[in-house]
Amino acid sequence: MSRMPQVSFEVFPPAPKAEERFWTTVSRLSALQPAYLSVTYGAGGSARDRSDRVLRRMRQQRGTVPAAHLTTVGASRAETDDLAKSWIEAGISHFVALRGDMPEMGDAFTPHPEGYAGAAELTEALKRLGAGHVSVGAYPEPHPDYRGGESDLVHLRCKFAAGADDAITQYVFEPEIFLRYRDRVTAAGIDAPVIAGIMPVFDFAKVSNFSRRCGASVPAWLEARFAPLADQPDAHHEAAVETAVSFCRRLQGEGVEGFHIYTLNRPELTIDICRDLGWASPAKLREAAA
Ligand SMILES: Cc1cc2nc3c(=O)[nH]c(=O)nc-3n(C[C@H](O)[C@H](O)[C@H](O)COP(=O)(O)OP(=O)(O)OC[C@H]3O[C@@H](n4cnc5c(N)ncnc54)[C@H](O)[C@@H]3O)c2cc1C
């Protein structure tokens with residue numbers, strides 16, 4: 001029997017018209033008592049302000065533990081530090097430190113002239129400013145900026161050397177891809193936790209589009225399973241739960257101890273996945289269902 005893993009969830013700040021539903025989602029997900037609920041970050045005025053508002057309100061909410069994503073994009077070191085300091089002062093101690101992408105899709109990353117050069121520098125700054133825990137990104141499948149050979153692991157090692165506590169992976173659909181990556185990380189002498197990012201297939205067409213853009217491969221069996229269910233929401237939901245559950249079981253069986261679910265602000269799938277994996281007690285599930 002494997003140990004209960006650490007489970008965390010990711011949400012994104014809602015558009016104004018989805019705000020009310022978002023806070024219900026936060027309450028339902030918090031009822032499952034995840035280690036933390038991380039909030040994605042968008043560089044630039046209104047996206048940044050939305051993350052800021054959501055994080056501060058979450059911090060006030062009993063039973064919700066927020067974690068703040070932060071990127072290096074479009075801001076000087078001083079601006080990034082000011083924002084991070086204000087979150088730390090508000091009681092947010094967990095950060096997910098990311099280099100980020102340019103606002104125009106496909107543009108090569110160029111640091112702000114006075115900004116942090118990448119995730120390692122940002123991690124080092126967050127620790128210096130008093131962040132308690134810093135997670136960073138990791139890529140089992142080649143990131144578009146992968147430079148070949150072991151360069152991705154050399155780069156990951158720099159992020160840990162800068163103070164990162166663990167890494168959360170980009171999602172993959174094949175357990176073997178995650179496990180091979182974990183073996184490479186271990187063989188490179190990195191012994192920090194690698195947390196598996198889980199993307200439930202909430203809508204196959206949308207997930208495959210999104211995967212194409214971020215470099216995650218979509219196996220033929222996934223398409224064969226979900227494409228015929230496009231007009232059958234209940235069957236699609238069941239298949240999405242089963243697919244995520246069997247992926248997580250396989251990883252748990254191989255000793256993976258941390259899972260981070262990209263909820264996409266859809267609580268139902270996450271709740272049912274946690275139920276079937278035995279990651280939430282009946283009392284928590286009743287509360288999350290309300
Ligand atoms: C868990 C998670 C959460 C995320 N949340 C957000 C979010 O909230 N907002 C957002 O905008 N984006 C988010 N992203 C996306 C992320 O910003 C992009 O994937 C971005 O392109 C890479 O950021 P990073 O910090 O992971 O990059 P890095 O790990 O720094 O770089 C990505 C890859 O590029 C290569 N590379 C880069 N620099 C070097 C170097 N100096 N030497 C060698 N190789 C190098 C490596 O292969 C590396 O794995 C998230 C990604 C993950 C995995």
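The following legends describe an overall view and three close-up views of a predicted protein model.

**Figure 1. Overall view of the protein chain, with 11 helices and eight strands.** The C-alpha atoms of the chain fill a box of roughly 50 × 45 × 40 Å along the principal axes. The radius of gyration is 18 Å, which agrees with the value near 19 Å for a compact globule of 290 residues. Of these 290 residues, 49% are buried. Among contacts between residues at least 6 apart in sequence, 78% join residues at least 24 apart. The chain exposes about 14,100 Å², and carbon and sulfur atoms supply 51% of this area. The protein chain carries 32 positive and 37 negative side chains, and the centres of the two sets lie 3 Å apart.

**Figure 2. Close-up of Thr64, in the loop between α2 and β3.** Helix α2 covers residues 45-60, and strand β3 covers residues 66-71. Although Thr64 belongs to a loop, this residue counts as buried because its relative accessibility is 7%, and the cut-off for a buried residue is under 20%. The side chain of Thr64 makes a polar contact with the side chain of Ser30, at 2.9 Å. Once neighbours within four places in sequence are left aside, Thr64 is in contact with Val26, Ser30, Leu37 and Met58. Ser30 is thus listed among the contacts of Thr64 and is also its partner in the polar contact.

**Figure 3. Close-up of Gly42, in the loop between β2 and α2.** Strand β2 comprises residues 37-39. Gly42 has a relative accessible area of 22% and is therefore partly exposed, a class that lies between the limits of 20% and 50%. When residues up to four places away in sequence are not counted, Gly42 touches Ala47, Arg48 and Ser51. Ala18 is 24 residues from Gly42 along the chain, and the C-alpha atoms of these two residues are separated by 17 Å.

**Figure 4. Close-up of Val136, in strand β5.** This strand consists of residues 133-138. Val136 counts as buried because its relative accessibility is 0%. Leaving aside neighbours within four places in sequence, Val136 is in contact with Ala97, Thr123, Leu156, Lys159, Ala164, Asp166, Ala167 and Ile168. Val136 and Ala43 are 93 residues apart in sequence, and 17 Å separates their C-alpha atoms in space.

How values were computed
Residues numbered from 1 in each chain as written. Predicted model: local features only at pLDDT ≥ 70, side-chain atom pairs only at ≥ 80, totals over all residues. Heavy atoms only, no water. Helix = DSSP H or I, 4+ residues; strand = E, 2+ residues; numbered from the N terminus. Buried < 20%, exposed > 50% of the residue type's maximum accessible area, 1.4 Å probe, protein only. Polar contact = N/O pair within 3.5 Å; in protein donor to acceptor, adjacent residues only side chain to side chain. Contact = heavy atoms within 4.5 Å. Rg over C-alpha atoms; globule rule 2.2 N^0.38 Å. Areas by Shrake-Rupley, 256 points an atom, 1.4 Å probe, with all protein chains shown as cover. Lys, Arg positive; Asp, Glu negative; His and termini not counted. Charge placed at Lys NZ, Arg CZ, Asp CG, Glu CD.
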